[in-house]
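Thanks for coming, everyone. I have one structure to walk through today. Please have a look at it first.

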Amino acid sequence: MAGRSQADLPWADLEPGARRRQLLEWVPEGWPLAEGWRPVVEDFLASEDGRRLSAFLRARLDAGAVIYPPHPLRALELTPLASVHAVVLGQDPYHGPGQAEGLAFSVADGVKHPPSLRNIFKELGTRPESGSLMPWARSGVLLLNAVLTVEQGEPTSHAKKGWEVLTDRLLALVAATASPCVYLLWGAHAQAKADLIRAHAAQYGREILLLQTNHPSPLSAGRPPVPFLGSGCFRQARDWLAERGIPGVF
């Protein structure tokens with residue numbers, strides 16, 4: 001970024017304090033991870049795909065790109081592998097200033113709830129003040145996006161840069177390990193992972209429940225073939241887990 005003044009940088013016009021809500025440097029080896037995840041993450045970072053992703057992200061940061069969220073591996077920090085009993089799979093982080101906090105569909109405290117999150121709360125039958133789903137993450141819900149970074153105002157801008165290799169490996173690890181576990185697959189992008197989950201769960205004899213509906217986006221939440229709104233997906237997940245001795249999820 002040599003030769004560029006602070007005023008020239010893309011984040012210069014953001015609200016005060018917004019820089020702390022974006023990725024400032026790429027140092028994944030120093031980020032805290034809960035127990036169970038580090039071997040997969042380290043193996044990925046050392047692989048050709050991991051090195052390619054690292055080079056891409058460092059280049060974008062050096063060019064002054066505003067990248068969200070500030071902690072791309074936050075889901076792996078808050079939810080140990082042994083605690084996972086539910087998985088919500090998103091596509092990529094929110095791309096608005098200060099929204100994303102590293103958990104699928106979750107926004108930082110004080111941020112207006114995006115439409116998809118409003119529909120999630122509507123299906124839950126609750127209207128919390130905070131849009132942060134950190135309590136879910138701490139209760140055993142892995143809130144994982146398929147792509148873990150994005151640039152401001154450019155959805156899917158970091159797709160096919162290497163993240164999908166890591167997140168597929170993480171999903172495979174969860175499917176091979178977590179039991180009982182519910183997978184909430186909303187929309188075609190998430191549902192494309194169903195076969196991967198089934199195959200690994202079957203190989204290791206894990207008990208799973210796949211709940212597949214339309215995406216909670218207003219464009220699809222109420223439409224056929226399986227509307228998200230009114231699906232009862234959270235009730236089904238809670239009941240199924242409670243029957244297996246896992247209460248209090250969601």
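I will take the sheet, then a helix residue, then the aromatics and the cysteines.

One caution before we start: this is a predicted model. Keep that in mind throughout.

Start with the annotation. UniProt, in an unreviewed entry, places the feature "domain: Uracil-DNA glycosylase-like" at residues 77-241. Over that stretch the chain is 34% helix and 15% strand. The C-alpha atoms at its two ends are 23 Å apart.

Now the sheet. In what order do the four strands run? The order is β3-β2-β5-β6. The sheet is open, and the pairing is parallel. Which strands stand at the edges? Those are β3, residues 141-145, and β6. Each has a single partner strand, so one side of each has no neighbour in the sheet. From one strand to the next, the twist averages 20°.

Look at β2, residues 86-90. On one flank, β2 pairs with β3 in the parallel sense, over five bridges. Within that pairing, Val-87 stands opposite Leu-142. Ala-86 has Val-141 as its bridge partner in β3. On the other flank, β2 and β5 run parallel and are joined by three bridges. Ala-86 turns up here as well: its bridge partner in β5 is Val-182. So Ala-86 has a bridge partner in β3 and one in β5.

Is β2 enclosed or open to the outside? Five of its five residues are buried, so β2 is largely enclosed by the rest of the structure. Both faces are covered. Ala-86, Val-88 and Gly-90 are buried on one side. Val-87 and Leu-89 are buried on the other.

Next, what packs on the sheet. Helix α8, residues 194-204, lies across β5 and β6. Its axis runs at about 170° to β6.

One residue in another helix is worth a stop. Ala-175 sits in α6. Ala-175 is buried, at 0% relative accessible area. What does Ala-175 touch, leaving out residues up to four places away in sequence? The contacts are Tyr-183, Ile-197, His-200, Ala-201 and Arg-206. The C-alpha atoms of Ala-175 and Tyr-204 are separated by 8.3 Å. Along the chain, those two are 29 residues apart.

On to the aromatics. How many aromatic pairs does a search of the whole structure find? Nine. I will show you two.

The pair to begin with is Trp-26 and Trp-163. Their ring centres are 5.8 Å apart. The planes stand at 80°, so this pair is edge-to-face. The two come from distant parts of the chain, 137 residues apart. Trp-26 is in the segment before α1 (38-46), while Trp-163 is in α6, residues 163-177. Trp-26 counts as buried, with a relative accessible area of 6%. Trp-163 is buried too, at 1%.

The other pair is Trp-186 and Phe-228. Here the ring centres are 5.1 Å apart. The planes make 75°, so again the geometry is edge-to-face. This pair also links distant parts of the chain, 42 residues apart. Trp-186 belongs to strand β5, residues 181-186. Phe-228 lies in the loop between β6 (208-213) and α9 (233-243). Both Trp-186 and Phe-228 are buried.

That pair is part of something wider. Trp-186 and Phe-228 join Phe-105, Trp-136, Phe-234 and Phe-250 in one aromatic cluster.

Last item: the cysteines. How many disulfides does a search of the whole structure find? Zero. Take Cys-181: the nearest cysteine sulfur is that of Cys-233, 15 Å away. The relation holds in reverse, with Cys-181 providing the nearest cysteine sulfur to Cys-233. The cut-off for a disulfide is sulfur atoms within 2.5 Å. Why does Cys-181 count as buried? Because its relative accessible area is 0%, and the cut-off for buried is under 20%. Cys-233 is buried as well, at 1% relative accessibility.

To recap. The sheet is open, with its strands in the order β3-β2-β5-β6. Strand β2 has buried residues on both faces. Helix α8 lies across β5 and β6. Six aromatic residues, including Trp-186 of β5, form one cluster. The search for disulfides finds zero.

That is my tour. Over to you.

Methods. Residues numbered from 1 in each chain as written. Predicted model: local features only at pLDDT ≥ 70, side-chain atom pairs only at ≥ 80, totals over all residues. Heavy atoms only, no water. Buried < 20%, exposed > 50% of the residue type's maximum accessible area, 1.4 Å probe, protein only. Phe/Tyr/Trp six-rings, centres within 6.5 Å; stacked < 30°, edge-to-face > 60°. Pairing = 2+ DSSP bridges. Axes fitted to C-alpha atoms, helices over the stretch in contact; angles between N-to-C directions. Contact = heavy atoms within 4.5 Å. UniProt positions renumbered as here; feature names shortened; annotations may be inferred.
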